[in-house]
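Colleague: Before relying on the labels attached to this model, I should like to hear the reasoning behind them. Could we go through them together?

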Amino acid sequence: MSQKRNLPSWISSRDPPHPQPESKKKPKDDADDEHNIRNAPQSSSTTTDFSKLLEGVVFVLSGFVNPERSTLRSQALAMGATYQPDWNSDSTLLICAFPNTPKFRQVQSNSGTIVSKDWIAECYTQKKLVDIEQYLLHAGKPWRKTSAPQNTTIRVEEPFSVTEVKKWARDDLTETISWLESQEEKPAPGEIKRIAAEGVLTCLQDAIDSLEQKKDVGSVTELWSFVPRVVKELGKMESSSKTENSTASKDQLCKQAKSWKKIYEAELAQKGDEEEEEAKSRRTSGVASGYDSDETVEMTEEEIEHAYRNVSVDKVEANSTPSLSLSLSSASSASSLSCPRTMGAPLPPKEANLFKLIVKSYETKQYKKGLKAADAILKKFPSHGETLSMKGLTLNCMDRKTEAYELVRHGVKNDIKSHVCWHVYGLLYRSDREYREAIKCYRNALRIDPDNLEILRDLSLLQAQMRDLSGFVETRQQLLTLKPNHRMNWIGFAVSQHLNANASKAVEILEAFEGTLEDDYPPENELCEHTEMIMYKVSLLEESGAFGKALEELHKNEPKIVDKLSYKEQEAYLLWKLGRPAEASKLYRVLLSMNPDNYRYYEGLQKCLGLYSESGQYSSDRIEKLNALYQSLSEQYTRSSAVKRIPLDFLQDERFKEAVAKYIKPLLTKGVPSLFSDLCSLYDHPRKPDILEQLVVEMEHSIRTTGSYPGSDVKEPPSTLLWTLFFLAQHYDKRGQYDAALGKIDEAIAHTPTVIDLYSVKSRIMKHAGDLTAAAALADEARCMDLADRYINSECVKRMLQADQVYISVTSAEKTAVLFTKEGDQLNSLHDMQCMWYDLASGDSYFRQGDLGRALKRFLAVEKHYSDISEDQFDFHSYCLRKMTLRSYVGMLKFEDRLHSFPYFHKAAIRAIRCYLKLHDTPKSTAEEDEMSKLAPAQKKKMKKQKKAEARAKKEAETKIEESTASGVSKSGKRNVKPVDPDPHGEKLIQVEDPMAEASKYLRLLQKHSPNSLETHLLSFEVNMRKEKFLLAFQAVKQLLKLDAENPDSHRSLVKFFLKTGSTSAPTTEAEKLRCSVLEAERPSISQLQNKSLVEANKEFLGRHEDSLVHRAAYAEMLCLLDPSKKTEAIKLIEDSTNKVVQQTNGAHGLAREWKLKDCIAVHKLLETVFLDSEAASRWKSRCAEYFPFSTHFEGKRSSVMPDSVYNSSLKSNENGDTPNHPMGQTELNDGQLEAFKSLTVST
């Protein structure tokens, strides 16, 4: 038997395992595979050409996702099958992941044949057509159009001349070199001829070995990706001699093959000198072909040692590991891992194949199999760096991160000159979202192997993720240089230039790429992708200001653009930008005929006609023209709601009244609950709310008396009155007339008590009126009327949290919230769903109740959601370039760049900072002592028992966590992916040593992403004053004055700052002297303090806002701060404030006053906590209880906290056994607390 070969995988991409003696015991996995192959049904196509095994099969895939989908598709195509995305009359076979997919049912109904993926895998593995019967999911019509190709018999020709055989040798060498150069991973130029010659001779030697063992030559050809001519001829001769004596024929063929081998060796030896010359040239020029020799490494020993010393220490483990895209999938199976080394020397053939098995097992997620192979190598070569690294990467996928990092570090240390080790180290960091560390590792790998495509691709993804745009451009350019025949590299380079603010350069790159395309490009199956590229190019030209060239490009490529709607939209916009409004307006009218409810088309048409205003303010002349325009459009598009709604924004007075009447009448008749939300923006106009009220009140009166609208004889259905009352209730609620609003909604409920929206609106009115308990009860009543409505359930949860009912066992918000979550750990399910409104609302509730740990837990959960959203973009960096969704991709990146400026994050960050401020101001021990000192002895004893029980429960929970973690390993070898939260109540969060440092972390995010928010700079002032960073605090004060100098908080911050800095001792250090000089130089630039003292500035502030309650309170607070002896005067100033009537409508509906409930509550807290005057606070509370009778804070006479209220009366009657009757027939609602609010009415 000849010596076993160990060639790179680009010569033999299939590399079967070397034969072993039968007596030797095989590993279990290999034995099972051999058993399956031995027992597989034999087919007549065993010796058929591998590329024609599935010829005639037209297959469709169902139920698979990438990368498995692409693998199956590639395997079937390699065996000669034809792929179709959807099932049609030409399809013959469905490859299905599991039954009952839509395609499965379609094919089953059409009597088609369905097979599992295992059949394709077995055919591909065994290189023959395996019996399909045992893999069938459904037997139907024939699964191939024609029968499998049969072997053709070729007669043995006359012996070939030596000249012909020499020509074969030269041709085989040339064709092998061409084939190698066409591969994605190819040898270095200096090695390619030698490797090609070795490959040809090795393949011929394999044929000779096969003949000597009395085996067919065909068994050799199936194992080689490229078969030389000489071996093909041997196969033909073997086929033609089947009728003769088999043993004699193989002996003759073997003799002939050996003769031809000598000719080949002599002919190919002439190329040896050239190969040696090129190898020497390669070594002197420093071109690396892998990592076989230290001479090829372009790093000095000092640089390598420095790189190793800079390897970071253990990183904090992440909660989740993203899917890895290891370059070993192609590069490792080629030049990277075809000859793995032991400290510079290649592994023996057996271990080299085992190393390939590690990589394959990692890619197919067979981690236990990979570990077994790694241990087999490390048994003989315990310091093999690349095997150690791959074992660590495999363990990382099994959630054994500590071991993984340790092994990979050992691997890098043992083979620091291996780019594979560095690449694996980078992948490890990338899986833990340590992108900066991963980039360092990738750069070290590229210093060793600068042209490794997979590492370059991975590096480009990280650079895009981290917005290292200059590095992104550089890496993408390098990828394009190495692989200019890949479209994705051209597109990626163009996108990188675009993101780097060089749109014109991106256009040049796309034009250069278009120059490489054929005239008939694109084919029909790539029209959509090519359309996207054209539209992206047009958008680049538009962004760079070349509107004319953009329009020209659009017109030139019109036949190739399949998205005609986007084409028309882009064309209309470009025409308008080019100053051709007449043509643009025609196009916008065409677009409106396609979609008359698209507001953007109306806006574009107005711009073309010169009738658009950004501010929404129009002259009377423009209003006339706009009215005429929309009159004509409404006649053309009679069923469009947009054409009727838009005029309401610019029409005035009687025309507005006429138009809004036409708009709302059919909607009230139809019963559209969202009508008020649609018209809500009109309340920002000065006179329109009054007109709306007058109009709807007239409609209500007319419907009550005549049953029809004013001026109409058509009788309206009874429900019209219901929805009119519903609208009026929301209208009065919007204007702060809560008595009138409750009157209307109660009348609507009495009219039709089964409409859920009525209870939801009444709940909202009660919330605005200040009775949060009643609001929660009403929301729960609405929820009970439709338990399958998730929105109503969520609204109920929100009301409960606002009423601080998060802890109550029966009606707790948590128990209600989890009704629509999965079984199991339901609160974690809410977290997984990224339910941010719940996190914010529950965090606010915990904060109000003093539970800072749980509050912080909720607020930081929102920050985690935003981090996850930011991380989610990683998978799209390669996907969008591959799928050519370029405009969406760039839009997504811009969205991600401003992600943290969105309201939910803004609110969560502000609330988290306030928690840290409270932790700083009142440390936990002090706060607990103060709380305990206020309790009675019996309550103190009860509190101590409760704390002991909590500590015991906590200990038991931690024990359970440890047990579940220790035993939580699945059969696949992967640990439980959902770890139990070790700090469910946030107790560790409030034990932070430096709360101000944590607050500063979130403050920096706010300053970066929300610089125009007043709260951002107000918190910056608070944090920096506590940290005594006065210059930063002064910067915050200046920003506050710039944004809103008349805001009470801006005034407070200004006075507090200069009072604090003015009362400090004389500066002693250079830094203090510098600070004082800066403040002295800057003070004259503040207009509020020019030539004025703080007392004078404070008095002047009051003069400008004498009628405003919040401004008077701010003045009073600063007056007391500047001169504590004037505390009485300050309190009197607040109490002398007048709550003026801002409007008066129908007397029966009550009055709307100037003061807002939240402002009065803030003043009450100011009197109670800052002025420390309980009597003044009590007087203020009594006064506000008259203004806000439903407020539970002020204990208004109609609020649910009063003992004689309807709420408590109903509760007492239920405790005595009286059960209220629910309008829906239910007998138990929220412990009997809900019926009170159904009958809650307002006396007029």
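Modeller: The following exchange concerns a predicted model, and each label is set against its criterion.

Colleague: What makes up the protein chain overall?

Modeller: The protein chain has 58 helices and nine strands. Of its 1244 residues, 46% count as buried. The accessible surface comes to about 62,300 Å², and 50% of that surface belongs to carbon and sulfur atoms. Among contacts between residues at least 6 apart in sequence, 63% join residues at least 24 apart.

Colleague: Why is the pair Lys505 and Glu508 called a salt bridge?

Modeller: The criterion asks for a side-chain nitrogen of Lys or Arg within 4 Å of a carboxyl oxygen of Asp or Glu. The N to O distance between Lys505 and Glu508 is 3.9 Å, so the pair meets the criterion. Both residues lie in helix H22 (residues 503–515), three residues apart, about one turn of the helix. A search of the whole structure finds 60 salt bridges.

Colleague: Why is Lys505 called partly exposed rather than buried or exposed?

Modeller: Buried means under 20% relative accessible area and exposed means over 50%. Lys505 has 33%, which falls in between, and it is therefore partly exposed. Glu508, with a relative accessible area of 45%, is likewise partly exposed because its value lies between the two limits.

Colleague: How do you know that Lys762 and Asp746 form a salt bridge, and what does the pair tie together?

Modeller: Their N to O distance is 2.7 Å; the limit is 4 Å, so the pair qualifies. Lys762 lies in helix H35 (residues 756–769) and Asp746 in helix H34 (residues 738–751), so the salt bridge ties together parts that are 16 residues apart in sequence. Lys762 and Asp746 are both buried, which means that each has under 20% relative accessible area.

Colleague: What makes the salt bridge of Asp1107 and Lys1140 a link between distant parts of the chain?

Modeller: The side chains meet at 3.6 Å, N to O. The two residues are 33 residues apart: Asp1107 is in the loop between helix H52 (1094–1104) and helix H53 (1109–1122), while Lys1140 is in the loop between helix H54 (1127–1135) and strand S8 (1141–1144). Lys1140 has 40% relative accessibility and is therefore partly exposed, as this value lies between 20% and 50%.

Colleague: What makes Glu511, Glu514, Lys537, Lys549, Glu553 and Lys556 one network?

Modeller: They are joined by salt bridges that share partners.

Colleague: Why can Leu565 belong to a surface patch?

Modeller: A patch residue needs over 30% relative accessible area. Leu565 has 36%, so it passes that threshold, and it counts as partly exposed. Leu565 lies in helix H25 (residues 564–577). Together with Val590 and Met594, Leu565 makes a nonpolar surface patch of about 240 Å².

Colleague: What makes S2 and S5 edge strands?

Modeller: Five strands form an open sheet in the order S2-S1-S3-S4-S5, with mixed pairing. Strand S2 (82–83) and strand S5 (136–138) each pair on one side only.

Colleague: How do you know that S3 pairs with S1 and with S4?

Modeller: Two strands pair if there are at least two bridges between them. Four bridges join strand S1 (residues 58–62) to strand S3 (residues 93–96), so these strands pair, and they run parallel. S3 and strand S4 (residues 113–116) also have four bridges, in the parallel sense. Towards S1, Phe59 stands opposite Leu93, and Leu61 has Ile95 as its bridge partner. Towards S4, Leu94 is partnered by Ile114.

Colleague: What makes both faces of S3 count as covered?

Modeller: Leu93 and Ile95 on one side, and Leu94 and Cys96 on the other, are all buried.

Colleague: Why is Asp90 called partly exposed?

Modeller: The relative accessible area of Asp90 is 39%, between the limits of 20% and 50%, and the label therefore follows. Asp90 is placed in the loop between S2 and S3. Residues up to four places away in sequence aside, Asp90 touches Val58, Gln84 and Lys145. The C-alpha atoms of Asp90 and Val57 are separated by 9.6 Å.

Definitions and conventions
Residues numbered from 1 in each chain as written. Predicted model: local features only at pLDDT ≥ 70, side-chain atom pairs only at ≥ 80, totals over all residues. Heavy atoms only, no water. Buried < 20%, exposed > 50% of the residue type's maximum accessible area, 1.4 Å probe, protein only. Patch = residues over 30% accessible without salt bridge, like charges linked within 9 Å, V, L, I, M, F, W, Y side chains within 5 Å. Areas by Shrake-Rupley, 256 points an atom, 1.4 Å probe, with all protein chains shown as cover. Contact = heavy atoms within 4.5 Å.
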